[in-house]
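Here is a short tour of one protein chain, meant to be read with the structure open beside you. We start with the chain as a whole, then turn to a helix, a few single residues and the charged pairs.

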Amino acid sequence: SVNLAMEEEELSSKERNQLLLEIREEAEWLNNIVDNILSITRFGDHVQQIHKEPEIVEEVVEEAVYKFRRQFSAENIAVKVKMPNEILIVPMDAMLIEQVLINLLINAANHGGDVSVICITVEDRGGEIGFIVSDDGKGIAADLLPVLFDDAGILDIWNEAGDANRFMGIGLSVCKTIVQAHGGSIFAENLLDGGAKFTFILPGEKGETDGA
């Protein structure tokens, strides 16, 4: 929007329309983040409120990486995806799981230190599907690990990162809520050779029926 206001006379009609389209898409994306935050109170203990459809995991991951690239300017950070050879289909709310992946990607880019590579690895664990987001940064402070996904962790991350990145701390709490509402689990750890690793696990195609 700043570019559009400052350079309006220099931009062609096509360039202005493209910027307006990107602004609209960004607004819709931010609206989805707000919806996800509100989902903390909407879901509660009622997992059946999640409407799940069988989704191809590779497509969900690719869409999350695409949206991350559109919304986060980090040309110096490579994103690598490792998928099993077979097609994996998982019952999920695709928009919400995409948001989990986007939040984890942004969290790694913002809080990982000198991150140069973020890797998304998907694993078939026999009835469960593991999603791993790892980076080669500085890792997670030891005092944050036990509270990373709850309110105390959010406050610590806000104090460390500053006001500009508050959504990132909130995002971790939202990630936990969404994954648990899908009947899954999420946890974080540090890698022995440096960097952080976030893992969330969802029931596979036959792991859990949709309670909606």
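## The chain at a glance

Of the 212 residues in the chain, buried ones make up 41%. Please keep in mind that this is a predicted model. The secondary structure comes to six helices and seven strands, and from the N terminus on the elements run α-α-β-α-β-β-α-β-β-α-α-β-β. Among contacts between residues at least 6 apart in sequence, 70% join residues at least 24 apart. The accessible surface of the chain is about 11600 Å², and 49% of that area belongs to carbon and sulfur atoms.

## Helix H3 and its buried face

Let us look at helix H3, which covers residues 57–71. At 1.5 Å a residue, its 15 residues should span 21 Å, and the end C-alpha atoms are indeed 21 Å apart, so the two values agree. Which residues of H3 are buried? They are Val 57, Val 60, Val 61, Ala 64, Val 65 and Phe 68. Seen down the axis of H3, these buried residues fall within an arc of 135 degrees, so they line one face of the helix. In an α-helix there are 3.6 residues a turn, so residues three or four places apart point the same way.

What do the buried residues of H3 pack against? Their partners are strands S1 (53–56), S2 (78–82), S3 (89–92), S4 (117–124) and S5 (128–135), together with helix H4 (94–111).

Strand S3 also holds Ile 89, which is partly exposed because its relative accessible area is 32%, between the limits of 20% and 50%. On the surface, Ile 89 joins Ile 56 and Ile 87 in a nonpolar patch, and together the three have about 250 Å² of accessible area.

## Two buried residues

Gly 137 sits in the loop between S5 and helix H5 (151–161). With a relative accessible area of 13%, Gly 137 is buried, as this value is under 20%. Gly 137 and Gly 112 are 25 residues apart in sequence, yet their C-alpha atoms are 4.7 Å apart in space. Leaving aside neighbours within four places in sequence, Gly 137 is in contact with Gly 112, Asp 114, Val 115, Gly 194 and Gly 195.

Thr 199, in strand S7 (residues 196–203), is buried with a relative accessible area of 1%. Not counting residues up to four places away in sequence, Thr 199 touches Arg 125, Phe 131, Ile 132, Ser 185, Ile 186 and Phe 187.

## Charged pairs

Side chains of opposite charge can pair when their charged atoms come close. How many salt bridges does a search of the whole structure find? The search finds four, and the table shows some of them.

| Basic residue | Acidic residue | N to O distance |
|---|---|---|
| Lys 67 | Glu 63 | 3.9 Å |
| Arg 125 | Glu 123 | 2.9 Å |
| Lys 197 | Glu 189 | 4.0 Å |

For the last pair, Lys 197 is partly exposed at 23% relative accessible area, and Glu 189 is partly exposed at 31%. Salt bridges that share partners also join Glu 63, Lys 67 and Glu 98 into one network.

Within that network, Lys 67 and Glu 63 both lie in helix H3, four residues apart, or about one turn of the helix. Lys 67 is partly exposed at 23% relative accessibility, and Glu 63 is partly exposed at 30%. As for Arg 125, which also touches Thr 199, its relative accessibility of 35% makes it partly exposed, while its partner Glu 123 is partly exposed at 30%.

Note on methods:
Residues numbered from 1 in each chain as written. Predicted model: local features only at pLDDT ≥ 70, side-chain atom pairs only at ≥ 80, totals over all residues. Heavy atoms only, no water. Expected span 1.5 Å × (residues − 1). Buried < 20%, exposed > 50% of the residue type's maximum accessible area, 1.4 Å probe, protein only. Arc of directions from axis to C-beta. Contact = heavy atoms within 4.5 Å. Patch = residues over 30% accessible without salt bridge, like charges linked within 9 Å, V, L, I, M, F, W, Y side chains within 5 Å. Areas by Shrake-Rupley, 256 points an atom, 1.4 Å probe, with all protein chains shown as cover. Salt bridge = Lys/Arg side-chain N within 4 Å of Asp/Glu carboxyl O.
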